[in-house]
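I opened the notebook today to look at one helix and its surroundings, and then to step back to the chain as a whole.

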Amino acid sequence: MTTRVAPPKRPPRVRVAQAWIELLAPDPAAVSALAVMRARLDAGGEVVTLKRMRLMELRGPLPTRPRLERLLDASSQFFNPHKERCILRNSGREPAPVPAGARVVVVTEREGDRRPAAERWWLHETGRDIEVREGVAWILEFSPGAGRSTADLVVLRDRRHGLLCNPLSEDHRIGSGRLPLPWLAPIELDSATPSVAVAGGEGSS
């Protein structure tokens, strides 16, 4: 008698998706930050527009796009549809919802970017474990021929340089063009690396 051995089950496929979330109303934080840049920072005069979005990245055995969108809509752990809109990006071939030519700076709290409440809600609803991370995406558009580096506006160094990232407690990434997916993986630092690391996608600066 031959005993049939069932083939081992394949582990669920790991997928990554990004949820780009913005306020429906004008964002006072972005308006204030742009005013401070123009008034105080050496490179601030080259910034034409500044926009802020929340960037959430989901990693794990995610469902197809329609169900993923329904799940995001179903919980305030991700966004509030009365105050915010959510744009889903679940393929690196899809563009991020940012203007062509813009620079994107994603700032994350060091060792504090995970969203355990959202992960617990997802497990309860789907029976699947996923990882949820969140950062703040600052989207900058510059005047034609702007010559200064985006980094002059990002890391807080003194009263004339930096605004968006506090190097004592935050990390940042700068990208442009086709933005990475995934992008919010932990930044690995060694003893010779400054406390702020920069990583970008194609055309990053």
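**Helix α3 and its cover**

I looked up what lies over the buried residues of α3, and found that the cover includes β2 (47-60), α2 (65-74) and β5 (131-142). I keep in mind that this is a predicted model.

Which residues of α3 are buried? I went through the helix, which spans residues 116-126, and noted Ala118, Glu119, Trp121 and Trp122 as buried. These buried residues lie on the same side of α3, because they cover an arc of only 160 degrees around the axis.

I then turned to the face of α3 that points away from the buried side, and there I found the exposed residues Arg120 and His124. For the exposed label I kept to the cut-off of over 50% relative accessible area, and for the buried label to under 20%.

I followed the chain past the end of the helix, and just after α3 I noted that Gly127 takes a positive phi of about 75 degrees.

**The protein as a whole**

I listed the secondary structure next, which comes to 4 helices and 6 strands, and read along the sequence these follow the pattern β-α-β-α-β-β-α-β-α-β.

How much of the protein is buried? I recorded that buried residues make up 40% of the 205 residues, and that the accessible surface comes to about 11,900 Å², of which 52% belongs to carbon and sulfur atoms.

Last, I looked up how far apart in sequence the contacting residues are: among contacts with a separation of 6 or more, residues 24 or more positions apart account for 76%.

Technical notes: Residues are numbered from 1 along each chain as its sequence is written. This is a predicted model: local features need pLDDT of at least 70, side-chain atom pairs count only at pLDDT 80 or more; totals for chains, interfaces and linings use all residues. Side-chain values use heavy atoms; hydrogens and water are left out. Helices (H or I, at least four residues) and strands (E, at least two) are DSSP runs, numbered from the N terminus. Buried means under 20% relative accessible area, exposed over 50%, partly exposed in between (1.4 Å probe, protein chains only). Contact means heavy atoms within 4.5 Å. Accessible areas come from the Shrake-Rupley method with a 1.4 Å probe; for residues, only the protein chains shown count as cover. The arc is that of the directions from the helix axis to the C-beta atoms.
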